[in-house]
Amino acid sequence: MESASAQAPSGGATSPDAQMSRRVLKKIDRAIIPLAFIMYMLNFSDKVILSSAAVFGLRDDNNLQGQQYSWVASIFYFGYLVWAYPTTRLITILPTAKYLAANTFFWGTVVALTAACTNFGGLMTVRALLGVAEATITPALMFLTSTWYTRDEMPTRLGIWFAGNSIGGLTSSLLAFGLGHIEDNVGAWRWMYIFLGVSTFLYGIPVLLLLPDSISKARFLTPDERRIAAERVVVAGTGSTENTHWNYKQFIECLIDPKTWFVFGVELLTQIPNGATQNFSNIVVKSFGFSSLHSTLINIPYSILTASIIAGTGWLAGRFNKLNCLLIIAVIIPCVVGSSIMYQRDSVPHGVQLFAYFLMAPGPAAMPLNMALVQSNYRGVTKKMTITALLFLAYCAGNIAGPQFFDSTEAPKYPTAFRTIMICYALAMSLALGHRFYLQWLNAKRVREEGFEGSASMAGALTAKGSQDGETQTDVDATIAAVEIRPEDYEDVTDWNTLGFRYRL
C-alpha cells in the first residue's frame, strides 16, 4: 500500500466483519496447515532415511568406499541447487497447488527407485534427482504461507509446518526400527525406500484434490470469505500474490538490499552443521556404543525435542515483533556447547557425549526462524521469490559442504566435523545479532523520514492503536473491519516502496 490510514476499534463489541475474519482464519488453518505439515514430514523422512539406511546395509550393498557415502549425501544438494531458482519462478507462474502435486508424484517415484540401486553411480543419480524434486517443496510452502497469512501469523504457521521436519525424523526412525528387523533377500534399507516412496507418491492425490492454487480459487471458502481472506493479506500481510509478473527492478532491489545478505549468511552458516549431522546422526550415535536398531530409537526423543523447539520458537516469533533474531541466537547457543564437547569427546564419558549430541537438537530451529524473517520482512512477489531462491542457494551450499567435514579417516569421532560445526554456529550468532541491529537502525531511519511510527504487524501505513513497533501483535481482524481497501492497495510493490512498512526484528 502506498498510503492509507485507519484506526482500529479500541474496545467494545467485535464487529461482524472481524468475527468473520477470525472464522476465515480457522478455515484456512484447517485447509492449509495439515497438508503442509504432512508434506514436510515426508520431505524430511525421505532425506534422513539415508542415515538409517547407511547402518542397515546401504553402504555395503552399494560397495561404498572412502568418502563416497559423504558424496552420496552431498549430491542431493547439487540437484537442489540446480533447480532452486527455476522452481521459485515456476511457483509464481504456474498454478501453485497443481505444480506442487505434480512434483510430489515425481518425488515419490524417485524415492522408491532408490531401492533399485546397486552401486555408487546409481545412488548418485537418484539422490541428485531427489534434490531436484525436493527443491520445490519448501519455497512453495513459504509462498503459500505468505499468500494466506498476515505478518503476525506467518512465523507461527511456518513453525507448525516446519516442525513436520522433525516429526519426519521421528517417523523415519520408527520406520527404520520396524523394517530393520526384516531379514530377506531384498534388504531392510530397500524396504525403507519402497515404503516411503509409495507413501509420498500417494500423498500427491490429496494435494491435487484439496490444496487450492490461490485465495480466489479456494472452494472451501464462500465468495464473501474469499474477499475477507484477500483483504487480510493486503492489510496485514505482505501483499497480494495474484496476477503478478516478474519484475526486474524488484530482482535488483533484492540483491542490493543489505538484509538479504544477513539472511544468506545465517542460512549458510547454520546449514553446514545441518548437512553434517543430518546424514551422520545414526553413525555418530552408533559410535557411542549402541546397536544399529538402538541408534534409530535414540533419534526419536531427539526429533521430538527439535519439533517442540521449532513450534515453540515459531509461536514466540509470531507473538512478539522483536524476538526473531534473538531466538535464532538462543537456539544456536546449546549447539555451540554441544559441538565443543563432541570435539573433545576423548576426555568425556559416553553419557556426556550423548548429552552433548542432544544439545544440538535446537539447531534446526534456526532455519524456520530465518525463513520467517524472509516472509515477514520482504514485500513484492519478485523480490520475495528472489530472496527465497538465495536462501535455498545458501541452504544447498551449506548442506553440500557439511558432510565433507566428516572425514572417513577420522571415524568414529570426527573431530574436524565437530570443530567446524562449533565455528559455524558461533559465526551465525554474530550475523543474527548484526541483522537485528541493522533492522533496528532501518526502522528508526524510516520513522525519522516518514514522521510516524508505523507497525511491524501491518502491511504498511495502516496503523492501529496498540500496534506500535516493538509491541505484541495487532488485532488484525478489527483493523480489517475498520479500513476501506482501495484498488491500488493490491499493487505489487516492495517493502522499500511501502509507506509505513516496519521490519520485524
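Two residues are in contact when they have heavy atoms within 4.5 Å of each other. Leaving aside neighbours within four places in sequence, leucine 141 is in contact with Ala36, Met39, Tyr40, Leu100 and Trp161. The structure is a predicted model, in which local features need pLDDT of at least 70 and side-chain atom pairs count only at pLDDT 80 or more, while totals for chains, interfaces and linings use all residues. Residues are numbered from 1 along each chain as its sequence is written, and side-chain values use heavy atoms, with hydrogens and water left out.

**Nonpolar cores**

A nonpolar core is a set of buried Ala, Val, Leu, Ile, Met, Phe, Trp, Tyr and Cys residues joined through side-chain atoms within 4.5 Å. Buried means under 20% relative accessible area, exposed over 50%, and partly exposed in between, with a 1.4 Å probe and protein chains only. The largest core has 130 residues, of which Leu141, Trp148, Trp161 and Tyr193 touch the most other members. Helix H1 (residues 16-61) gives the most to this core, with 19 residues. Helices here are DSSP runs (H or I, at least four residues), numbered from the N terminus. Another core, of six residues, lies apart from the largest one and includes Tyr438, Leu442, Phe501 and Leu505.

**A cavity**

A cavity is a set of points on a 1 Å grid over the protein atoms alone where a 1.4 Å probe fits but cannot get out; its lining residues have an atom within 4 Å of a point. The structure holds three cavities of 30 Å³ or more, a volume being the space filled by probe spheres set on the points. The second largest has about 50 Å³ of space. Among the residues lining the second largest cavity are Ile32, Leu100, Leu141 and Val207. H1 gives the largest share of this lining, four residues.

**Single residues and a helix**

Two residues away from these topics differ in their surroundings.

| Residue | Place | Relative accessible area |
|---|---|---|
| Histidine 294 | helix H11 (residues 292-319) | 44%, partly exposed |
| Asparagine 63 | loop between H1 and helix H2 (68-93) | 53%, exposed |

The C-alpha atoms of histidine 294 and serine 173 are separated by 9.8 Å, although the two are 121 residues apart along the chain. Asparagine 63 has a positive phi, near 55 degrees. Helix H16 (residues 415-450) has 36 residues and should span 52 Å at 1.5 Å a residue; its end C-alpha atoms are 53 Å apart, which agrees. Just after H16, glycine 451 takes a positive phi of about 85 degrees.

Technical notes
Helices (H or I, at least four residues) and strands (E, at least two) are DSSP runs, numbered from the N terminus. The expected span of a helix is 1.5 Å times one less than its number of residues. On a 1 Å grid over the protein atoms alone, a cavity is a set of points where a 1.4 Å probe fits but cannot get out, and a pocket is an open set with protein on both sides within 12 Å along at least five of seven lines; lining residues have an atom within 4 Å of a point.
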